[in-house]
Amino acid sequence: MLATRALSLIGKRAISTSVCLRAHVLGLQACATTARLHQLGFLWPELCPGSVVKSEDYAFPAYVDRRDYPLPDVAHVKMLSASQKALKEKEKADWSSLSRDAESPVWVYRIQFNESFAEMNRGTNEWKTVVGLAMFFIGFTALVLIWEKSFVYGPIPHTFDRDWVSMQTKRLLDMKANPVQGFSAKWDYDKNEWKK
């Protein structure tokens with residue numbers, strides 16, 4: 001069983017690896033075709049730059065918005081446009097010239113950070129999804145239990161009947177079961193009633 005599972009996982013891994021290699025080769029061919037079409041003037045450079053898409057390298061510092069890590073290692077915007085470069089140059093100069101335009105400080109902030117602390121602290125509606133899923137599974141479980149009670153379980157055994165329980169209790173008292181600390185110790189045999 002375990003060997004079958006291991007071989008199955010290895011087979012899936014080999015298939016997924018070969019698919020990834022094929023997709024990478026096809027992606028390189030598509031990028032080369034895109035670059036050729038761009039040279040011929042059939043594609044807009046903004047829509048299809050013709051560069052090879054590469055995977056994210058996790059060895060380099062990455063940008064994250066976290067309250068406990070307020071200054072990320074890198075800026076949010078890595079490739080600056082011409083207007084953003086001009087704002088960065090203004091930022092190096094006197095800040096009073098930067099604050100004349102009401103939007104400039106905001107855009108300088110947005111180059112460095114994606115969200116402000118107020119935006120990070122803003123509540124989300126994720127709790128509604130969690131509560132909804134929890135209620136769904138509780139309801140589904142209740143339906144399964146009702147179905148089991150109706151169709152799987154048989155009738156309640158006769159030993160749960162009140163008459164049977166009283167006869168069983170009388171028999172245990174007559175046998176004086178557990179007379180020290182148990183069942184019979186709580187019965188007063190002189191008055192024929194439970195001790196108070």
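Here is a short chat about a predicted model and its salt bridges.

Colleague: What pattern does the protein follow, read along the sequence?

Modeller: Keep in mind that this is a predicted model. The protein has seven helices and two strands. Read from the start, the helices come before the strands, and the pattern is α-α-α-α-α-α-α-β-β.

Colleague: How many of the residues, as a percentage, count as buried?

Modeller: The cut-off here is under 20% relative accessible area. The protein has 196 residues, and the share of them that counts as buried is 9%.

Colleague: And how much of the accessible surface belongs to carbon and sulfur atoms?

Modeller: The accessible surface of the protein comes to about 17,200 Å². Of that area, the part belonging to carbon and sulfur atoms is 64%.

Colleague: Which share of the contacts joins residues at least 24 apart?

Modeller: The pool here is contacts between residues at least 6 apart in sequence. Within that pool, the share joining residues at least 24 apart is 33%.

Colleague: How many salt bridges does the count come to?

Modeller: Side chains of opposite charge can pair when their charged atoms come close. For this count, a Lys or Arg side-chain nitrogen has to sit within 4 Å of a carboxyl oxygen of Asp or Glu. By this rule the number of salt bridges is five.

Colleague: Which residue forms a salt bridge with Glu91?

Modeller: Glu91 sits in helix H2 (residues 82–92), and its partner lies in that helix too, three residues apart, about one turn. The closest N and O atoms are 3.2 Å apart. Glu91 is partly exposed at 22% relative accessible area, and the partner, partly exposed at 23%, is Lys88.

Colleague: Why does Arg110 count as partly exposed, rather than buried or exposed?

Modeller: Buried means under 20% relative accessible area and exposed means over 50%, so a value in between counts as partly exposed. Glu119, which forms a salt bridge with Arg110 at 2.8 Å between the closest N and O atoms, falls in that class at 23%. Arg110 counts as partly exposed because its relative accessibility is 24%.

Colleague: In which helix do Lys170 and Asp174 both lie?

Modeller: The side chains of Lys170 and Asp174 meet in a salt bridge, 3.5 Å from N to O. Lys170 is exposed, and Asp174 is exposed as well. The two are four residues apart, about one turn of the helix, and that helix is H7 (residues 162–175).

Terms used:
Residues numbered from 1 in each chain as written. Predicted model: local features only at pLDDT ≥ 70, side-chain atom pairs only at ≥ 80, totals over all residues. Heavy atoms only, no water. Buried < 20%, exposed > 50% of the residue type's maximum accessible area, 1.4 Å probe, protein only. Contact = heavy atoms within 4.5 Å. Areas by Shrake-Rupley, 256 points an atom, 1.4 Å probe, with all protein chains shown as cover.
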